[in-house]
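Hi,

Here is the structure I said I'd pass along. Have a look at it first, and then read on for what turned up.

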Amino acid sequence: MHVLISTFGTQGDIQPFIALGKGLMTAEHSVTMCTSEDYRQLVEAHGLGYVLMDNALLDLSRALQRWRLTSAVMAAAATVLAGVVLLDLTAPPAAQSEYV
């Protein structure tokens, strides 16, 4: 039987499928893996066939991870700044002049 395994993600996401493919090969099945181009050498180094999946999905996943991190940092900064502004707005008039 010929098995096609299609997956994407980080190397840690890909490795279990490589192990699965190697197990299937041990059971005398033919295995081809379709995954991001970045992992072609890894797949082929384990003796599995490789079919191209361009990096568009992997690039999108990486961009979203960076965006989430950036968004989290910006949200934290906005919270801190909002607290400072709130402090300024709620301070007694005499104390407000110290912040201006």
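Let's start with the inside of this predicted model. The largest nonpolar core has eleven residues: Val3, Ile5, Ile14, Ile18, Val31, Met33, Tyr39, Val43, Leu48, Tyr50 and Leu58. At least two residues of that core come from each of β1 (2-6), α1 (11-26) and β2 (30-36). If you want one core residue to click on, try Ile14: leaving out anything up to four places away in sequence, Ile14 touches Thr7, Phe8, Gly9, Met33, Thr35 and Tyr39.

Now the overall layout. You'll count four helices and three strands, and from the N terminus they come in the order β-α-β-α-β-α-α. The protein has 100 residues, and 22% of them are buried. Taking contacts between residues at least 6 apart in sequence, 41% link residues at least 24 apart. Accessible surface adds up to about 6,900 Å², with carbon and sulfur atoms accounting for 65% of that.

Before you set anything up with these coordinates, a word on confidence. Mean pLDDT for the protein is 77, and 67% of the residues reach at least 70. Which elements sit at the two ends of the scale, lowest and highest in mean pLDDT? Helix α4 (residues 93-99) is the lowest with 52, while helix α2 (residues 40-45) is the highest with 96. There is also a stretch, residues 81-91, where pLDDT stays under 50; the model gives that stretch six contacts beyond four places in sequence. Where pLDDT is low, the predicted coordinates shouldn't be read in detail.

Next, the loop between β1 and α1, which holds both Thr7 and Phe8. Are these two buried or partly exposed? Thr7 has a relative accessibility of 11%, so it counts as buried, the cut-off being under 20%. Phe8 comes in at 35%, so Phe8 counts as partly exposed.

Their contacts are worth pulling up side by side. Setting aside neighbours within four places in sequence, Thr7 is in contact with Ile14, Phe17, Cys34, Thr35, Ser36 and Met53. With the same neighbours set aside, the list for Phe8 is Asp13, Ile14, Thr35, Ser36, Met53, Leu57 and Ser61. Phe8 also gives you a handy distance to check: its C-alpha atom is 9.2 Å from that of Asn55, although the two residues are 47 apart along the chain. On the outside, Phe8 joins Leu57, Leu60 and Leu64 in a nonpolar surface patch of about 330 Å².

Thr35 turns up in the contacts of Thr7, and also in those of Phe8. Thr35 is located in strand β2. With a relative accessible area of 0%, Thr35 is buried. Beyond four places in sequence, Thr35 touches Thr7, Phe8, Ile14, Val43, Tyr50, Val51, Leu52 and Met53. Among those, Ile14, Val43 and Tyr50 are members of the nonpolar core.

On to charges. Side chains of opposite charge can pair when their charged atoms come close. How many salt bridges does the model have? The count is one. The partners are Arg40 and Glu44, whose closest N and O atoms are 3.0 Å apart. Both residues belong to helix α2, with their positions four residues apart, or about one turn of the helix. Neither end is hidden away: Arg40 is partly exposed at a relative accessible area of 39%, and Glu44 is partly exposed at 38%. Helix α2 is also the element with the highest mean pLDDT.

One last backbone detail for your geometry checks. Most residues other than glycine have a negative phi. Glu28, however, has a positive phi, near 70 degrees. Glu28 is in the loop between α1 and β2, and with a relative accessible area of 73% Glu28 is exposed.

That's the tour. Shout if anything looks odd on your side.

Cheers

Conventions:
Residues are numbered from 1 along each chain as its sequence is written. This is a predicted model: local features need pLDDT of at least 70, side-chain atom pairs count only at pLDDT 80 or more; totals for chains, interfaces and linings use all residues. Side-chain values use heavy atoms; hydrogens and water are left out. A nonpolar core is a set of buried Ala, Val, Leu, Ile, Met, Phe, Trp, Tyr and Cys residues joined through side-chain atoms within 4.5 Å. Buried means under 20% relative accessible area, exposed over 50%, partly exposed in between (1.4 Å probe, protein chains only). Contact means heavy atoms within 4.5 Å. pLDDT is the predictor's confidence in each residue, from 0 to 100. Accessible areas come from the Shrake-Rupley method with a 1.4 Å probe; for residues, only the protein chains shown count as cover. Patches are made of residues with over 30% relative accessible area and no salt bridge: like charges are joined within 9 Å, nonpolar side chains (Val, Leu, Ile, Met, Phe, Trp, Tyr) within 5 Å. A salt bridge is a side-chain nitrogen of Lys or Arg within 4 Å of a carboxyl oxygen of Asp or Glu.
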